[in-house]
Amino acid sequence: MSRQVFFLSLLTLSISACSSMNNKQALGDFDYADKPEAKPLTIPQGLDKPAEQKEFYVTNNVNHDGPVGKDMDIRAPTLVLPIAASSRVVEESSISTIWFDKVLEDRELLAFIEKVVLQKLEKDGVGHTTVDEDIEVTLSKVLEGATSLKETSISREGIKTLIIESDWYHDEVEAGWLFTEIESATSLRFRYQLVAKPHGRSVSLTVSMVDYMRTDKRGGSKVIDPIDKQRAEKNMLNSIVSLVDYNYRVQQRENRLMRSNQKLVNIGKNPEEEHAYVVEMAADKLWENMPVFFEKHGFTITDLNEEKRIYFVDFVKPETSVWDAIWGDDIPVIDVNDAHYQFVLAPLDDKNEQTAVTIYNADGEPLPIETLERIFPVMETGLSFRNVF
């Protein structure tokens, strides 16, 4: 039993030691901080002064009033991380600011970043308010990205700005093992300032702490260490930047799915009122990509007329085997006879956004609507180039 009590005591000591560890301080003792300064070497009269090595010489021209020993904060500086696409930081700036350049052409950048900030607050379960302060803004500071504005929803010389302030973030630290109690409570409030350049393709986001309160056994305080303040601001900014990057990826995925599910090929008529496939693609681009379609579906190009956009092809139905299906190499086969065909491309509108693809047989007759409908599933996928790009 005594051995169990001994081990339990060691465990308790180790837990209390971990909980009381200060990550701001270096490990070890700080006896060096109390050592008196060594006196200069005194050379007796009549003796030569020994040679001095300057390689490791430390100048006395330093800040003697700075922190020493336990008061020294050894934590590495916090950096703003521009991990989102087309984001950048202001060089040599201590302000927690990052700039975003436009990535999604179909989204207004200022509204997009604002939505992400509100999403961050909602995710954290923290409310927000919109500040209504009107102060002057200089164009030069905004363009340099070095301003710390306090205005909201106002416009000066084409610059759009927006200010959002959060409600309180609360963080409590509990101490103890069997019986816990709140050792300290910290509360923070942040300001999120967005500034859009006149062209709207660049938006800066600045995060600043506007209120602070800490309560522990020693009492309450509204004064925060400057390093802790900067770390809190940059950590908050980095969390928003990562959320911007996540939203970029979600939107880009939705755009890709929308394009992949979009019906780009339909059955219609060409300018001569003959039945044809209508492809949502410019005639020039479709002409350049048609060889890819032919190669994948058993057509061999025998001749072409680039001026009239005509491909002369031979069709031989590709041979497939059970192994192709097993290994996933089988390609849908177009159900037409082995023969000579012509693929004629013709633009259908002035904007050149739609192209008619008319297929003629060896006799120069367009394929009937029944044939076009029968082979449509394969032609739709092939002419959409869905499995290629």
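Let's start with Ser86. Ser86 is partly exposed, with a relative accessible area of 43%. That figure lies between the 20% and 50% cut-offs, so the residue counts as neither buried nor exposed. Keep in mind that this is a predicted model. Where is Ser86? Its place is in the loop between α1 and β1. Now look at the backbone. Phi of Ser86 is near 55°. That is a positive value, and the residue is not a glycine.

Stay in that loop for a moment. Ile43 is also found between α1, residues 2–19, and β1, residues 87–89. Ile43 has a relative accessible area of 30%, so it is partly exposed. Which residues make the nonpolar surface patch here? They are Leu41, Ile43 and Leu47. The patch covers about 310 Å².

Next, strand β8. Please find residues 202–216. I'll take the partners of β8 one by one.

Start with β2, residues 97–101. β2 and β8 run antiparallel, and 5 bridges join them. For a landmark, take Thr97, which stands opposite Thr206 in β8.

Then β7, residues 181–196. How many bridges pair β7 with β8? There are 13, again in the antiparallel sense. Pick out Arg189 here. Its bridge partner in β8 is Asp211. β7 and β8 also form a hairpin, with 5 residues between the strands. Gly200 belongs to that hairpin, and it takes a positive phi near 80°.

Then β9, residues 219–221. β8 and β9 pair over 3 bridges, antiparallel once more. Thr215 has Gly220 in β9 as its bridge partner. These two strands make a hairpin as well, with 2 residues between them.

Now move along the chain to the open sheet. It has 6 strands. What is their order? Read it as β10-β11-β15-β14-β13-β12, with antiparallel pairing. The edges are β10, residues 265–269, and β12, residues 299–305. Why is one side of each left without a neighbour in the sheet? Because each edge strand has a single partner strand. From one strand to the next, the twist averages 30°.

Let's zoom in on the β12 edge. The partner strand to look at is β13, residues 310–315. 6 bridges join β12 to β13, and the two run antiparallel. Within that pairing, Thr300 has Asp314 in β13 as its bridge partner.

Two helices pack on this sheet. Take α5, residues 283–296. Which strands does α5 touch? The contacts are with β11, β12, β13, β14 and β15. The direction of α5 makes about 160° with that of β14. Then α8, residues 376–384. Helix α8 touches β10, β11, β14 and β15. Its direction makes about 110° with that of β10.

Last stop, Arg309. Its place is in the loop between β12 and β13. Is Arg309 buried or partly exposed? At 23% relative accessibility, it counts as partly exposed. The cut-off for buried is under 20%, so Arg309 falls outside that class. Its phi is positive, about 55°, although Arg309 is not a glycine.

So, three backbone spots to check on screen. Ser86 has a phi near 55°. Gly200 has a positive phi near 80°. Arg309 has a positive phi of about 55°. That's my tour.

Conventions: Residues numbered from 1 in each chain as written. Predicted model: local features only at pLDDT ≥ 70, side-chain atom pairs only at ≥ 80, totals over all residues. Heavy atoms only, no water. Pairing = 2+ DSSP bridges. Helix = DSSP H or I, 4+ residues; strand = E, 2+ residues; numbered from the N terminus. Axes fitted to C-alpha atoms, helices over the stretch in contact; angles between N-to-C directions. Contact = heavy atoms within 4.5 Å. Patch = residues over 30% accessible without salt bridge, like charges linked within 9 Å, V, L, I, M, F, W, Y side chains within 5 Å. Areas by Shrake-Rupley, 256 points an atom, 1.4 Å probe, with all protein chains shown as cover. Salt bridge = Lys/Arg side-chain N within 4 Å of Asp/Glu carboxyl O. Buried < 20%, exposed > 50% of the residue type's maximum accessible area, 1.4 Å probe, protein only.
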